[in-house]
There are 2 protein chains.
Amino acid sequence: MPKQVDHDERRRQIGDAVCRVIAARGLNAVSLRHVAAEAGVSMGRVQHYFATVDEMLMFAFDLISERVAARLGAVHSDDPAKYLRAILLELLPLSPDARAEAPVLAAFLAQAVVEPRLGVPLHEGNEQMVAWLAGMITAVRPGGDPKRDAMALLAFVDGLMLQVLIGQVTPEAAEDLVDHQLSRVLT
Amino acid sequence: MPKQVDHDERRRQIGDAVCRVIAARGLNAVSLRHVAAEAGVSMGRVQHYFATVDEMLMFAFDLISERVAARLGAVHSDDPAKYLRAILLELLPLSPDARAEAPVLAAFLAQAVVEPRLGVPLHEGNEQMVAWLAGMITAVRPGGDPKRDAMALLAFVDGLMLQVLIGQVTPEAAEDLVDHQLSRVLT
DNA sequence: TGTTTTACGATGCGTTCGCATTGCAAAAAC
DNA sequence: GTTTTTGCAATGCGAACGCATCGTAAAACA
């Protein structure tokens, strides 16, 4: 057989190309041909690593989910308030990495409206996020209804992410709004 | 010639079918054949009223935009706080009408990320909404930074709309969150 | 060294797509 | 009653699609 290749690495490379296609032209532009062209490989190779387009999309979804989780995991702070702020800002398309990933997330988010299968992993991620946010809110300002605050905060940043992506809100204004919203919640 | 038909009415019927297809299966399911089938007419008829699929989609976008505007325009209250609350709730997929329209809005919102042409009308609607919200906020609680509050509130309801559509948040919880958020902003 | 297995590249097939073209019945216009 | 115009239905076409299949170079294995 030909030289043994790193199977996972190849899948990741193709998954990367899928994400780039989604970010540039949306979910419906994801086809074997476009992805192969974007990845700079043959259609045959793409088919060798993914049986169907659907499997390819699911892999891409897992891929950016992990990327976002990794970015969030890299955030640290001893001050709960600063930690909370940093995490919320990390969810917005402000850094180059986040700006590359956010359009993909948004596309899958919208697809989840008409494709319930995507809802399951999204739901888990949201639950985790709400729990973490609630914990941080409690750490800064005990009492009240931290879970409710957390859910409101998450809805707020999700909406804000879209507004920034669409260009309704500038990155600077978004950061300002996050601070404003946080000051409301944490006092 | 055959009997004179109401041109606008026919376009509206087809546009309706487009919206139903979007709500059920997403934007990429919008094709001449699917729309014709959904509307119960021939492909020829659809082509007779819309030169291209793109024109059809733009018409559908205008259509639901007007529908949402009409729903918002039907809301009235002398109490600014109640008025504000009612408008925000009207933006969420709580009533049957809103539940039918919200998935379509969400699909166009996501499409706007990769198709800047959609951004223009969305931007206008958002500006109007922010101005109105800011006015209402000032009426209830003068001073502060009403525009900033309005932008935050809009991002919040946009995100909440998506969460409800995806099933992460129940309609009841969404209503509760709106009240909670409003109490934070208005005091 | 021969055999097997792996990783593809290439090609083909049936389907669906948007859109153009054609044809025609029927009512309006005269 | 004739002519003209309108509102479609039907069909065709080239492109793009997902996916199956086939062929093959090459490394691992015997």
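## Two helices that cross in chain B

The crossing of α6(B) and α8(B) is left-handed. In this predicted model, helix α6 covers residues 96-114 of chain B and helix α8 covers residues 146-166 of chain B. Two packed helices are described by the angle between their axes and the distance between the axes. For this pair, the angle is about 115° and the axes lie 10 Å apart.

Which residues of α6(B) and α8(B) make the contact? On the α6(B) side they are B:Ala102, B:Pro103 and B:Ala106, and on the α8(B) side they are B:Met161, B:Leu162 and B:Leu165. Sorted by class, the contact has six nonpolar residues, with no polar and no charged ones. An α-helix has 3.6 residues a turn, so residues three or four places apart point the same way. You can look for that spacing when you trace the contact residues along each helix.

## Chain A as a whole

Now let's step back to chain A. How many helices and how many strands does the secondary structure of chain A have? The tally is nine helices and zero strands, so the pattern read along the sequence is simply α-α-α-α-α-α-α-α-α, with helices defined as DSSP runs numbered from the N terminus. Along its principal axes, the C-alpha trace of chain A spans about 65 × 35 × 30 Å.

Chain A has 187 residues, and 49% of them are buried. Contacts in chain A also link places that are far apart along the sequence: of the contacts with a separation of 6 or more, 62% are between residues 24 or more positions apart.

## Helix α8 and helix α7 of chain A

Helix α8 of chain A runs over residues 146-166, and its length can be checked with a little arithmetic. At 1.5 Å a residue, these 21 residues should span 30 Å, and the end C-alpha atoms are indeed 30 Å apart, which agrees. Is α8(A) mostly covered or mostly open? Mostly covered: 17 of its 21 residues are buried. Just after α8(A) comes A:Gly167, which takes a positive phi of about 95°.

Helix α7 of chain A, residues 119-140, includes A:Gly119. At 12% relative accessibility, A:Gly119 counts as buried, because the cut-off for buried is under 20%. A:Gly119 and A:Ala150 are 31 residues apart along the chain, and their C-alpha atoms are separated by 20 Å.

## Where the two chains meet

The two chains touch through 39 residues of chain A and 39 residues of chain B. The size of an interface is often given as the accessible area lost when the parts come together. Here the area buried between chain A and chain B is about 3,400 Å², and carbon and sulfur atoms give 60% of that. Which three residues supply more than any other three of the area that chain A buries against chain B? They are A:Arg148, A:Gln168 and A:Arg184, which together supply 18%.

On the other side, B:Gln163 is found in helix α8 of chain B. B:Gln163 counts as buried, with 5% relative accessibility. Leaving out residues up to four places away in sequence, B:Gln163 touches A:Asn126, A:Leu154, A:Ala155 and A:Asp158 in chain A, as well as B:Gln168 and B:Val169 in chain B.

## Three more buried residues in chain B

Is B:Arg11 buried or exposed? B:Arg11 lies in helix α1 of chain B, residues 7-25, and its relative accessible area is 17%, so B:Arg11 is buried under the 20% cut-off. Not counting residues up to four places away in sequence, B:Arg11 touches B:Tyr49, B:Phe50, B:Glu55 and B:Phe59.

B:Ile64 sits in helix α4 of chain B, residues 53-73, and is buried at a relative accessible area of 2%. With residues up to four places away in sequence left out, it touches B:Cys19, B:Val104, B:Leu105 and B:Phe108. The C-alpha atoms of B:Ile64 and B:Ala100 are separated by 9.9 Å, with their positions 36 residues apart along the chain counted as the gap. B:Leu133, in helix α7 of chain B (residues 119-140), is buried at 0% relative accessibility. Again leaving out residues up to four places away in sequence, B:Leu133 touches B:Leu84, B:Leu88, B:Ala150 and B:Leu154. B:Leu133 and B:Met151 are 18 residues apart in sequence and 8.4 Å apart in space, C-alpha to C-alpha.

Definitions and conventions:
Residues are numbered from 1 along each chain as its sequence is written. Chains are lettered from A and ligands numbered from 1 in the order in which they are written. This is a predicted model: local features need pLDDT of at least 70, side-chain atom pairs count only at pLDDT 80 or more; totals for chains, interfaces and linings use all residues. Side-chain values use heavy atoms; hydrogens and water are left out. Helices (H or I, at least four residues) and strands (E, at least two) are DSSP runs, numbered from the N terminus. The expected span of a helix is 1.5 Å times one less than its number of residues. Buried means under 20% relative accessible area, exposed over 50%, partly exposed in between (1.4 Å probe, protein chains only). Axes are lines fitted to C-alpha atoms, for helices over the stretch in contact, and angles run from 0 to 180 degrees between N-to-C directions. A crossing is left-handed if the near helix is turned anticlockwise from the far one by less than a right angle, and right-handed if clockwise. Contact means heavy atoms within 4.5 Å. Ala, Val, Leu, Ile, Met, Phe, Trp, Tyr, Cys and Pro count as nonpolar, Asp, Glu, Lys and Arg as charged, and the others, Gly among them, as polar. Buried area is the accessible area (1.4 Å probe) that two parts lose on being put together, summed over both.
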